[in-house]
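Me: Can we go through this structure together? I keep meeting labels, and I'd like to know where they come from.

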Amino acid sequence: MICDNISINSKGHLTFAGHDTVELAEKYGTPLYLMDENKIREHIRIYKNAMAEFFPEGSLPEFASKAFSCKQIYRIVKEEGINVDLVSMGEIYAAKSAGFPMENAFFHGNNKTDSDIKYAMESGVGHFVCDSADELNAVNRIAGELGKKQKLLLRITPGIDPHTHKKISTGSVDSKFGFPIETGAAKNAVKLALSLENLELSGFHCHVGSQIFESDPFIDAAEIMLGFISEVKNETGYMAKLLNLGGGLGVRYVESDPVIDYREKIGEIAAALNKMAEKLNIKLPEILMEPGRSLVADAGMTLYTVGSVKEIEGYKNYVSVDGGMTDNPRFALYESPYTVILASKADKECDFKASVVGRCCESGDIIQENVPLPKPCRGDVIAVLTTGAYNYTMASHYNRIPKPPVVMLKDGQDYVAVKRETVEDLCKLDV
Ligand SMILES: *Cc1c(COP(=O)(O)O)cnc(C)c1O
């Protein structure tokens with residue numbers, strides 16, 4: 001199987017984190033998001049330990065919580081002792097109300113409004129990651145009004161194309177994110193940040209993209225960033241304390257994706273960074289990384305119930321499920337690959353092929369095309385694997401479909417982390 005938390009039991013049912021998925025579908029109903037808490041903790045520890053092993057003291061991962069945000073994940077991240085990335089008032093509120101220590105939070109976003117900035121500061125967010133001169137001035141002004149000194153990183157665009165999907169590539173010079181080095185904007189931003197009295201510059205941030213399988217784009221970006229740090233030091237005397245390399249390490253969605261050894265990748269990046277720092281004769285700053293997807297994706301699975309099975313003779317087959325683009329828009333957005341398994345007949349031969357589609361009034365409401373399956377019947381349970389990242393957080397209410405609940409699996413136990421929405425919830429704000 002694609003991940004070691006998935007298997008098939010003696011009933012021929014797919015299991016996830018040791019649980020029978022058909023039984024979970026009966027107990028909680030479908031569509032249903034499942035999250036394997038032990039797998040999340042395992043990934044966090046791999047990053048945390050590898051960063052402690054290879055990088056200078058103080059180096060830590062941050063969970064990019066846009067990948068999966070609910071109060072319970074902030075409690076888990078807090079217990080594991082790593083930092084968190086937040087990008088909106090909603091994420092700040094969720095983290096804060098879950099008791100996350102806000103000094104360990106980094107606030108991202110290319111267009112933070114004045115009210116976002118004020119809310120983040122009043123919530124005690126440790127670092128802002130600033131994206132533009134307008135923002136630096138606004139953060140300085142609001143910090144002054146609140147009588148605070150705000151720590152920050154500057155988001156720098158190193159000019160890297162990581163050869164991933166265009167919509168998830170963020171590090172090129174013409175990106176909407178950050179200050180490009182090439183045009184001189186990055187250096188001007190350093191000078192501006194150092195000149196503003198209510199700001200305290202902690203260092204620099206970059207993020208080149210997502211679903212990246214090689215170390216090279218990270219190494220290229222990191223080398224460019226170290227070169228920039230060295231230049232800034234020579235020109236202004238300012239030496240960065242923190243260097244954040246962003247997120248983006250890939251995950252295995254289908255068998256043809258490579259298996260990634262995160263510890264090994266971090267070791268490769270560290271080796272290149274140490275060499276470069278030595279060459280530039282600078283001390284390597286504390287390193288931060290921001291994994292989102294790679295901490296939670298394969299900790300997730302979505303269960304659906306099969307509704308209609310439609311065979312258009314001479315053309316194609318459709319299997320319609322009781323969810324779709326509302327709980328997983330990623331095929332509609334990026335044609336993302338997913339592994340789909342008929343969970344209630346997981347031991348049967350896959351002698352049927354179909355598009356697995358959702359229930360929305362859109363032809364593009366597709367979970368996956370050309371899926372080999374045993375021929376399903378109405379009532380069978382379908383599992384879509386590796387849905388722990390960018391599914392629940394990207395879910396919508398299109399067609400007024402309520403969002404599925406999130407059930408966490410831990411040490412043989414199952415518990416609700418997010419309740420199923422009701423139609424009353426959906427209309428709560430209607431007047
Ligand atoms: C999305 C994002 C991440 C996380 O990316 P993953 O591919 O999920 O690891 C990290 N940092 C920033 C700034 C991001 O925008």
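Me: What makes the pair formed by serine 210 and the ligand a polar contact?

Reply: This is a predicted model, and in it an N or O atom in the side chain of serine 210 sits 2.2 Å from an oxygen atom of the ligand. The cut-off for a pair of N or O atoms is within 3.5 Å, so this pair counts as a polar contact.

Me: And what about glutamate 290 and arginine 293, how do you know that they make polar contacts too?

Reply: Same kind of check. Glutamate 290 has a polar side-chain atom 2.6 Å from a nitrogen atom of the ligand. With arginine 293, a polar backbone atom is 2.7 Å from an oxygen atom of the ligand. Set those values against the limit of 3.5 Å and both pairs qualify.

Me: Which residues come nearest to the ligand?

Reply: There are 14 residues around the ligand, and the nearest are Lys66, Ser210, Glu290, Arg293 and Tyr390.

Me: Now the helices. Why is helix 2 called roughly parallel to helix 9?

Reply: Start with the angle: helix 2 (residues 37–54) packs against helix 9 (residues 262–280) at about 25°, and their axes are 9 Å apart. Angles under 35 degrees count as roughly parallel, so helix 2 gets that label relative to helix 9. Their crossing is right-handed.

Me: Which residues of helix 2 and helix 9 meet?

Reply: From helix 2, they include His43, Ile46, Tyr47 and Phe54, and from helix 9, Tyr262, Arg263 and Ile266 are among them. Sorted by class, the contact between helix 2 and helix 9 has eight nonpolar, three polar and two charged residues.

Me: What makes helix 4 roughly parallel to helix 5?

Reply: The axes of helix 4 (residues 89–97) and helix 5 (residues 114–122) cross at roughly 15° and come within 10 Å. That angle is under 35 degrees, so helix 4 is roughly parallel to helix 5. Here the crossing is left-handed. Met89, Ile92, Tyr93 and Lys96 in helix 4 touch Ser115, Asp116, Tyr119 and Ala120 in helix 5. By class, that contact has five nonpolar, one polar and two charged residues.

Me: Then why is helix 5 called oblique to helix 6?

Reply: Helix 5 and helix 6 (residues 133–145) pack at about 50°, with 10 Å between their axes. Roughly parallel needs an angle under 35 degrees and roughly perpendicular needs 65 to 115, so helix 5 ends up oblique to helix 6. The crossing of helix 5 and helix 6 is right-handed. In helix 5, Asp114, Ile117, Lys118 and Met121 take part, facing Ala138, Val139, Arg141, Ile142 and Ala143 in helix 6. The class count for this contact is six nonpolar, no polar and three charged residues.

Me: Two backbone details to finish. What is omega for the peptide bond from threonine 30 to proline 31?

Reply: Omega is near -10°, and that peptide bond is cis. Proline 31 lies in the loop between helix 1 (21–28) and strand 4 (32–36).

Me: And what is phi of glutamine 211?

Reply: Phi is near 55° there, a positive value in a residue other than glycine. You'll find glutamine 211 in the loop between strand 11 (199–205) and helix 8 (216–236).

Conventions: Residues are numbered from 1 along each chain as its sequence is written. This is a predicted model: local features need pLDDT of at least 70, side-chain atom pairs count only at pLDDT 80 or more; totals for chains, interfaces and linings use all residues. Side-chain values use heavy atoms; hydrogens and water are left out. Axes are lines fitted to C-alpha atoms, for helices over the stretch in contact, and angles run from 0 to 180 degrees between N-to-C directions. Helices (H or I, at least four residues) and strands (E, at least two) are DSSP runs, numbered from the N terminus. Angles under 35 degrees count as roughly parallel, over 145 as roughly antiparallel, 65 to 115 as roughly perpendicular and the rest as oblique. A crossing is left-handed if the near helix is turned anticlockwise from the far one by less than a right angle, and right-handed if clockwise. Contact means heavy atoms within 4.5 Å. Ala, Val, Leu, Ile, Met, Phe, Trp, Tyr, Cys and Pro count as nonpolar, Asp, Glu, Lys and Arg as charged, and the others, Gly among them, as polar. A residue is near a molecule or strand if one of its heavy atoms lies within 4 Å of it. A polar contact is a pair of N or O atoms within 3.5 Å; within protein, one must be able to donate a hydrogen and the other to accept it, and residues adjacent in sequence count only if both atoms are side-chain atoms.
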